[in-house]
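Let's take a walk through this protein together, starting from its interior and working outwards. Have the model open as you read.

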Amino acid sequence: MIRTTRVFVYGTLLPGESNHGVVSPWLLDARPGEVHGRLVNCGLWPALVRGGGAAAGRVRGMWFTVAVEGLEAMDELEDFVGPESLNDYERIWVRDASGQPLEGWVYVWPDARGMPYMSVDYWPDRMKSG
């Protein structure tokens, strides 16, 4: 039996984006969804911030159901070593904000780290925002 988990992805892990190949070998299901927060523009990738005023926003993405090896591959990509460690991104448990009965992990920053918030709520739309 395959052990699985669900992860909300919103940036370069999405289908058609630069890091989708990191997770695609372990991807079992993908569904659209959204979570509370705002995207921060880090240049070639985004970060999701949920605290402060960002909590009022929503970010669209996809809920991936992956084999646990996929979560391990994403942890490596996101520089997540474990709880109470020095991580680039933290991995937290969230629920879908659109009312779907979906929940799982998501990688977040605790704050914007001086980077600008994006005007889009969906990373693939970044090119359309000018």
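## The nonpolar core

In this predicted model, the largest nonpolar core holds 34 residues, of which Val9, Tyr10, Met74 and Tyr107 touch the most other members. Two or more residues come from each of the elements E1, E3, E4, E5, H2 and E7. The top contributor is E5, which gives five residues to this core.

Val9 is a good place to zoom in. Setting aside neighbours within four places in sequence, Val9 is in contact with Leu14, Gly61, Met62, Phe64 and Met74. Met74 appears here as a partner of Val9, and it is also among the core members that touch the most others.

## The overall fold

Stepping back, the protein has two helices and seven strands. Read from the N terminus, the order of its elements is β-α-β-β-β-β-α-β-β. The radius of gyration is 14 Å, close to the 14 Å that the globule rule gives for 130 residues, so the protein is as compact as a globular protein of that length.

The C-alpha trace spans about 45 × 30 × 30 Å along its principal axes. Of the 130 residues, 45% count as buried. Among contacts with a separation of 6 or more, 71% are between residues 24 or more positions apart.

## Helix H2 and its cover

Helix H2 covers residues 68-77, and Val68, Gly70, Leu71, Ala73, Met74 and Asp75 are buried in it. What lies over these buried residues? The cover includes strand E1 (4-9), helix H1 (20-23), strand E5 (58-67), strand E6 (90-95) and strand E7 (103-108).

## The loop after H2

Three residues in the loop between H2 and E6 deserve a look, beginning with Glu78. Glu78 is buried yet has no salt bridge, and Arg113, the nearest side chain of opposite charge, is 9.4 Å away. Not counting residues up to four places away in sequence, Glu78 touches Leu13, Asp88, Tyr89 and Tyr107.

Asp79 also lies in this loop. Its phi is positive, at about 55°, although Asp79 is not a glycine. With 46% relative accessibility, Asp79 counts as partly exposed.

Phe80 belongs to the loop between H2 and E6 as well. Is Phe80 buried or exposed? Phe80 has a relative accessible area of 9%, so it falls under the 20% cut-off and is buried. Leaving aside neighbours within four places in sequence, Phe80 is in contact with Asp75, Asn87, Tyr89, Glu90, Arg91 and Tyr107. For one of these partners, Arg91, the C-alpha atom is separated from that of Phe80 by 7.2 Å, although the two residues are eleven apart along the chain.

## The E3-E4 hairpin

Strand E3 (residues 38-41) and strand E4 (residues 46-49) pair in the antiparallel sense over four bridges. Which residue of E4 is the bridge partner of Leu39? That partner is Leu48. The hairpin has four residues between the strands, and in this hairpin Gly43 takes a positive phi near 95°.

## Beyond E7

Our last stop is Arg113, in the segment after E7. Arg113 has a positive phi of about 55° although it is not a glycine. Its relative accessible area is 37%, and Arg113 is therefore partly exposed.

Note on methods:
Residues are numbered from 1 along each chain as its sequence is written. This is a predicted model: local features need pLDDT of at least 70, side-chain atom pairs count only at pLDDT 80 or more; totals for chains, interfaces and linings use all residues. Side-chain values use heavy atoms; hydrogens and water are left out. Buried means under 20% relative accessible area, exposed over 50%, partly exposed in between (1.4 Å probe, protein chains only). Contact means heavy atoms within 4.5 Å. Two strands pair if DSSP finds at least two bridges between them. A nonpolar core is a set of buried Ala, Val, Leu, Ile, Met, Phe, Trp, Tyr and Cys residues joined through side-chain atoms within 4.5 Å. Lys and Arg count as positive and Asp and Glu as negative; His and the chain ends are not counted. A salt bridge is a side-chain nitrogen of Lys or Arg within 4 Å of a carboxyl oxygen of Asp or Glu. The radius of gyration is taken over C-alpha atoms; the globule rule is 2.2 Å times the number of residues to the power 0.38.
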